[in-house]
Amino acid sequence: MRWLFASTGRRYSCDVAIDVAAQVQYWQDGSADDLDAARKLLATGKIRQAGFFLHLAIEKAVKACAVAATRDLPPRSHNLLFLAERADLALSDDQRDFAGRVQIYCMEGRYPTELPAPPTKEAIAEDLDRAMEMIQWLTNQLNKP
C-alpha cells in the first residue's frame, strides 16, 4: 500500500501496482543524464554543482535497484547508504566508504554556505570516475537473475 498526500496534508491509501520495468528504466535514464551533467559541469569548472550531480547520478542508480528489489517506488531519501540497504545491495567496504564520503555533495549542492569549501576539481574528477564504476556495478546488479 502506498500513501498519497493531498495538499491539505491528509493522507489517502492507494493500492496501485507500478510498472517495475518502466520505473527501473526511468531511474537508470535519470542516472545517465545526471552523470553526463556532472561531466559537463566539471568541464566548465562548476565544482560544487558537478559534485551534486555526481551524487544524484549514484542516487538514481541505487533507486533503480531499490525498485527492482522491492517492486515498489523507492523511498524519498537522498541517503545513499539507506537506499542501498533498502535495495538489499551487498556493497563492498570500499563502496560503502565511497557512498558515505560523496554523501556530502548532496548537502553542498543544497546548502553551500553552511559547509566548508568544495573539493578540488581533481578530487571531483576522481570521484566522477569512481561514480561511473559504481553505477556500472549497480547496473550489473539489475541484470543478475
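How many Å² does the accessible surface of the chain come to, and what percentage of it belongs to carbon and sulfur atoms? The accessible surface comes to about 8,700 Å², and 51% of that belongs to carbon and sulfur atoms, with areas obtained by the Shrake-Rupley method with a 1.4 Å probe, where for residues only the protein chains shown count as cover.

This is a predicted model, in which local features need pLDDT of at least 70 and side-chain atom pairs count only at pLDDT 80 or more, while totals for chains, interfaces and linings use all residues. Residues are numbered from 1 along each chain as its sequence is written, and side-chain values use heavy atoms, with hydrogens and water left out.

The chain holds five helices and two strands, which are DSSP runs numbered from the N terminus (helices are H or I with at least four residues, strands E with at least two). Their order from the N terminus is β-β-α-α-α-α-α. Of the 145 residues in the chain, 38% are buried, where buried means under 20% relative accessible area, exposed over 50%, and partly exposed in between (1.4 Å probe, protein chains only).

Helix H1 (residues 20–43) takes part in both of the helix pairs tabulated here. Axes are lines fitted to C-alpha atoms, for helices over the stretch in contact, and angles run from 0 to 180 degrees between N-to-C directions.

| Pair | Axes come within | Crossing angle |
|---|---|---|
| H1 and H5 (residues 121–142) | 11 Å | roughly 165 degrees |
| H1 and H2 (residues 47–70) | 8 Å | roughly 165 degrees |

H1 and H5 are therefore roughly antiparallel to each other, a term for angles over 145 degrees (under 35 is roughly parallel, 65 to 115 roughly perpendicular and the rest oblique). In the contact between them (heavy atoms within 4.5 Å), the residues of H1 include Val24, Leu35 and Leu42, and those of H5 include Ile124, Leu128 and Leu142. The residues of this contact divide into eleven nonpolar, three polar and two charged, with Ala, Val, Leu, Ile, Met, Phe, Trp, Tyr, Cys and Pro counted as nonpolar, Asp, Glu, Lys and Arg as charged, and the others, Gly among them, as polar.

H1 and H2 are likewise roughly antiparallel to each other, and the residues of their contact divide into 18 nonpolar, five polar and three charged.

Most residues other than glycine have a negative phi. Arginine 71, in the loop between H2 and helix H3 (80–86), has a positive phi of about 60 degrees and is exposed, with a relative accessible area of 58%. Aspartate 88, in the loop between H3 and helix H4 (93–110), has a positive phi near 60 degrees and is exposed at 68% relative accessible area.
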